[in-house]
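Me: I'm new to this structure and would love a close look at one part of it. Could you take me through a single pair of packed helices?

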Amino acid sequence: MSTPSFQWPDGRRVAVSLSFDDARLSQVDRGLPILDAHGVKATFYVSFSSLEKRLEGWRRAAASGHEIGNHTVTHPCSGNFRFARSNALEDYTLERMEKELTDASDRIERLLGVRPRTFAYPCGQKFVGRGENVRSYVPLIARHFVVGRGFLDETHNSPVWSDLAQATGVEFDGTSFEKLQARIDQAAGDGGWLILAGHEIGDDGRQTVLASTLDALCRHARQPSSGIWLDTVAAIGSYVLARRART
Ligand SMILES: [Zn+2]
């Protein structure tokens with residue numbers, strides 16, 4: 001099968017999205033000022049307990065064009081994570097998961113005035129049930145969202161091939177700018193879409209995107225010579241879909 005050609009807008013060679021999970025407080029306190037200083041829009045997959053601690057900040061972020069995405073209401077993951085054992089994916093059904101998804105979108109719309117168009121799988125896990133009764137919940141995501149983003153994936157997305165309901169998300173936490181640049185170069189060589197997925201934003205610590213890396217990446221991406229289209233998951237995902245529909 002020949003690979004159809006695919007072009008990013010304005011002759012860009014690669015697409016990059018910055019995404020952050022769980023509405024960690026440092027995203028508002030530390031991250032948004034950096035992003036806003038560069039005029040860069042990012043995607044935030046929010047959790048409600050922490051979102052409500054910075055509600056005004058999130059309202060401003062949503063109103064100014066940052067994307068707010070769905071990350072469920074209760075963040076179910078495998079019970080192999082102790083924190084998830086009382087709310088484990090192994091004990092879920094597809095019906096219960098679908099309710100999680102719509103409840104989370106309704107709540108975001110009520111709190112922030114925007115309805116999520118994309119989703120991030122909590123812990124990157126895409127199943128409910130156990131053993132012979134395991135079901136994938138990817139089809140639910142395909143039904144309700146433009147994009148579903150994974151976590152700790154190994155590669156970027158191919159715009160001609162990727163199933164957007166299970167788009168890859170590559171680790172952003174703790175990564176140096178040099179390492180990211182290598183990742184972006186690799187994606188550019190392939191005309192790909194790199195979605196970075198992180199948590200806290202600060203100077204060090206666990207699950208933390210380094211503020212210096214974020215600042216350097218935004219600065220770099222805004223130079224036209226970088227060939228980077230830096231935009232939200234929803235913006236790039238919608239472009240991919242529209243472009244595919246035309247070929
Ligand atoms: Zn999460």
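Reply: Here is a walk from the whole protein to one helix pair.

This is a predicted model, in which local features need pLDDT of at least 70 and side-chain atom pairs count only at pLDDT 80 or more, while totals for chains, interfaces and linings use all residues. Residues are numbered from 1 along each chain as its sequence is written.

The protein has 8 helices and 12 strands, taken as DSSP runs (H or I, at least four residues, for helices; E, at least two, for strands) and numbered from the N terminus. Of its 247 residues, 43% are buried, meaning that 20 or more other C-beta atoms, placed from the backbone, lie within 10 Å of the residue's own.

Now to the pair itself. Helix α1 (residues 25-38) packs with helix α7 (residues 211-221) at about 15 degrees, and their axes are 9 Å apart. The axes are lines fitted to C-alpha atoms over the stretch in contact, with angles running from 0 to 180 degrees between N-to-C directions. α1 and α7 are therefore roughly parallel to each other, a label for angles under 35 degrees. Their crossing is right-handed: the near helix is turned clockwise from the far one by less than a right angle.

On the α1 side, the contact is made by R30, G31, I34, L35 and H38, and on the α7 side by A211, L214, D215, C218 and R219. Two residues are in contact if their C-beta atoms, placed from the backbone, lie within 7 Å. By class, 5 residues are nonpolar, 2 polar and 3 charged; Ala, Val, Leu, Ile, Met, Phe, Trp, Tyr, Cys and Pro count as nonpolar, Asp, Glu, Lys and Arg as charged, and the others, Gly among them, as polar.

How values were computed. Parallel < 35°, antiparallel > 145°, perpendicular 65-115°, else oblique. Buried ≥ 20, exposed ≤ 12 C-beta atoms within 10 Å, placed from the backbone.
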